[in-house]
Amino acid sequence: MKRREFLTAGCAAILAPQLSWAATPLELIAQSVSAQILPGGSPKTAMWGYNGTTPGPELRLPQGGFLDVRFLNQIDQGSAVHWHGLRADNAMDGVPGLTQDVVPSGDAFTYRFRAPDAGTFWYHSHNRSWEQVAKGLYGPLIVEETNPPDVDHDITVLIDDWRMSDTGVLAADFDSPHDQAHAGRLGNFARAIITTEGAVRTGDRLRLRLINVATDRVFPIDLTGIQGKLVALDGMPLAEPQDIADLVLAPAQRADIIADVTSPQGVQFVFPTRDGPYVMGEISSTGTNNHRVASIIPPLPANRVAQPDLDNALALTLTMDGGAMSPRNTLTDIWGLNGQSGLTDIPFHSFKRGQTARITLVNNTRFPHGIHLHGHHFFEVEADGNPAAFRDTTLVDAGDTRDILCVFDNPGKWLLHCHMLGHQAAGMKTWLEVA
Ligand code: C2O
Ligand code: CU
């Protein structure tokens, strides 16, 4: 972590508006906004956002429903919106140069697609994302279960960090090659943006939807004041709820937690830094819920998932190279995948629709990378060879290797990249095709 200390915030919750699913098309306008990033009373920050706020509005729709969004670009750069984690139609994936043309400043684009999976997702800019996401172009996207779990509050918690001055001016060094060659753009101020109004009661059951929206920072997170289970990762339900210990979210990763409030002090989201615990946000508690009977936490209803064909899985390798303190090899940029920086005409692989592949991700660098596949989820393979969590982004530590298993059943051209956005900017991306 950068030596500069985090500014300390009092109550670190800022409210984001919520938009419920409506049948009429929704307008999502990327524009300049003024946001209270530093604690209230401190100066506001000039940012970008959607519909007047950063984070943008929380979009909610029922599982199987359609999202119908008219995107208007009113910032002074081209942009596009990516619906992170949604196994949706390729033409709606929002990747300029691969699935659509960039939407120029002043222009518009209509996104319309079905949301096949219930869960916690998010949307964000996918053009100059290392700058546009750092400036605030993101928001939560929640797909509701037909039979949602019985909770008293459903709360979204966006974890972010910003690099800014004490007077709230965002540092403009988005393209810093030094950052890109190291751990990316790390902020000096972090906070949990909590979409709930008011307090909870001791004894209330909460569903917490944590999303790491930071461009580059991996956040370990400790939760205090609750007792419960981890029920989903990257939007996908775990077959069995797990203990919450050692929760780590790489950029773009999500965790759903169902837990009961056990402390009259409320709930705290704590970032354990080398300088000690830093409270990123809290939900206050008043009163007691005497009606709820403590009960076990059942798994969330499963989404439809194609089972991998282990016997006929195609074996592939994706090696991460480059970065500071690494031999540069023949890379044309700072980072590369399989010796190649950035996108070319040649895909990493062309899959036949329905093909299972086992991809060995080799991190041959001195930094961790969070590798994200568009349009699909994949199983992280455990040391015993069994498929475990079903995710869209996997964190591979420096020098480590991880196998993932994926059924490539969504046709189209899909990006595969590091979600440390400064690494993506500097070459750590490729694409694949499913036909
Ligand atoms: Cu969250 Cu390529 O995206
Ligand atoms: Cu990376």
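This is a short tour of selections to make in a predicted model, going from annotated spans to individual strand pairs.

Begin by selecting residues 36–146, 191–264 and 318–434, the positions at which UniProt, in an unreviewed entry, places the feature "domain: Plastocyanin-like". Keep residues 36–146 highlighted for the next stop: the C-alpha atoms at the two ends of this span lie 35 Å apart, and its content is 4% helix and 40% strand.

Within that span, select strand S8, residues 119–125. Seven of its seven residues are buried, that is, each has 20 or more other C-beta atoms within 10 Å of its own, so strand S8 is largely enclosed by the rest of the structure. Now add strand S6, residues 81–84, which runs antiparallel to S8 and is joined to it by four bridges; here His 82 has His 124 of S8 as its bridge partner. Then add strand S9, residues 138–144, which pairs with S8 in the antiparallel sense over six bridges. His 124 is worth centring in the view, since its bridge partner in S9 is Tyr 138.

Next, move to an open sheet of five strands with mixed pairing, whose order is S24-S32-S31-S26-S29. Strand S24 (350–351) and strand S29 (393–396) stand at its edges, and because each has a single partner strand, one side of each is left without a neighbour in the sheet.

Finally, select strand S26 (residues 369–373) together with strand S31 (residues 412–418), an antiparallel pair joined by three bridges, and look for Leu 373, which stands opposite Leu 416 in S31.

Methods
Residues numbered from 1 in each chain as written. Chains lettered and ligands numbered in written order. Predicted model: local features only at pLDDT ≥ 70, side-chain atom pairs only at ≥ 80, totals over all residues. Pairing = 2+ DSSP bridges. UniProt positions renumbered as here; feature names shortened; annotations may be inferred. Buried ≥ 20, exposed ≤ 12 C-beta atoms within 10 Å, placed from the backbone.
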